[in-house]
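User: Please take a close look at one loop position that interests you in the model shown here, and then explain carefully how the strands around the chain are arranged.

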Amino acid sequence: QVQLVESGGGLVQFGDSLRLYCAGSGRTFSNYAMGWFRQAPGKEREFVAAITRSGPYTIYADSVKGRFTISRDNAKNTVYLQMNSLKPEDTAVYYCAARVDSTLLRSGKYDYWGQGTLVTVSS
């Protein structure tokens with residue numbers, strides 16, 4: 001199995017930037033498309049961004065387009081989410097996920113999930 005561990009979350013102010021990290025395991029890391037999802041308290045999990053197996057093709061939710069950037073370094077088994085111009089509505093637990101299928105990446109049907117990292121944006 002692929003194991004995913006997120007890090008980089010924290011408490012920031014409106015307009016600040018933050019970089020999230022997702023460390024993946026195994027020799028097959030590059031075989032998976034990767035996605036970022038988030039879930040606020042009492043809300044459903046929502047899609048944030050995704051990247052194909054080797055890049056550079058990326059997909060973003062409308063709510064983060066132009067502010068967030070997803071990238072990956074397969075040599076380091078790492079996926080990144082650069083978040084700029086953060087807003088209070090970005091407050092959520094952010095999850096990294098891996099999917100064998102490289103299509104329909106907005107779907108929540110990913111094969112592996114990390115434990116999440118909390119991002120809190122104060123107003």
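Analyst: L104 counts as exposed because its relative accessibility is 64%, where exposed means over 50% relative accessible area, buried means under 20% and partly exposed lies in between, with a 1.4 Å probe and protein chains only. L104 lies in the loop between β9 and β10 (112–113), and its phi is near 50°, a positive value in a residue other than glycine. Strands here are DSSP runs of E with at least two residues, and helices would be runs of H or I with at least four, numbered from the N terminus. The model is predicted, and local features need pLDDT of at least 70, side-chain atom pairs count only at pLDDT 80 or more, and totals for chains, interfaces and linings use all residues. Residues are numbered from 1 along each chain as its sequence is written, and side-chain values use heavy atoms, with hydrogens and water left out.

A second loop residue with a positive phi is N77, which is not glycine and has a phi near 55°. N77 is found in the loop between β7 and β8, and at 19% relative accessibility N77 counts as buried. The hairpin of β7 and β8 has 4 residues between the strands. The hairpin of β4 and β5 has 6 residues between the strands, and there G42 takes a positive phi near 75°. The loop between β4 and β5 also holds P41, which counts as exposed because its relative accessibility is 74%. P41 and A92 are 51 residues apart along the chain, yet their C-alpha atoms are separated by 7.2 Å.

From these loops the view can widen to the strands. The protein chain has 0 helices and 11 strands. In general, strands of a sheet pair through backbone hydrogen bonds, either parallel or antiparallel. Two strands are taken to pair if DSSP finds at least two bridges between them. By that rule, 4 strands form an open sheet in the order β1-β3-β8-β7, and the pairing is antiparallel. At the edges of this sheet are β1 (4–7) and β7 (68–73), each of which pairs on one side only. The twist averages 15° from one strand to the next, with axes being lines fitted to C-alpha atoms, for helices over the stretch in contact, and angles running from 0 to 180 degrees between N-to-C directions.

Within this sheet, β1 and strand β3 (residues 18–24) run antiparallel and are joined by 4 bridges, and L4 stands opposite G24 in β3. At the other edge, 6 bridges join β7 to strand β8 (residues 78–83), again antiparallel, and S71 stands opposite Y80 in β8. The side chains of β7 alternate: F68, I70 and R72 are buried and point to one face, while T69, S71 and D73 point to the other and are not buried.

β4 brings in further pairings. It is joined to β9 by 7 bridges, and the two run antiparallel; in β9 the bridge partner of Q39 is V93. β4 also pairs with β5 in the antiparallel sense over 5 bridges, and in β5 the bridge partner of M34 is I51. β4 is mostly covered, with 6 of its 7 residues buried.

M34 returns in the interior. The largest nonpolar core, a set of buried Ala, Val, Leu, Ile, Met, Phe, Trp, Tyr and Cys residues joined through side-chain atoms within 4.5 Å, has 36 residues, and those with the most contacts inside it are M34, W36, L81, M83 and Y94. At least two residues of this core come from each of β3, β4 (33–39), β5 (46–51), β7, β8, β9 (92–99) and β11 (117–122).

The chain as a whole completes the picture. Buried residues make up 42% of the 123 residues in the protein chain. Among contacts, meaning heavy atoms within 4.5 Å, between residues at least 6 apart in sequence, 58% join residues at least 24 apart. The radius of gyration is taken over C-alpha atoms, and the globule rule is 2.2 Å times the number of residues to the power 0.38. With 123 residues a compact globule would have a radius near 14 Å, and the 13 Å of the protein chain agrees with this. Its C-alpha atoms fill a box of roughly 40 × 25 × 25 Å along the principal axes.
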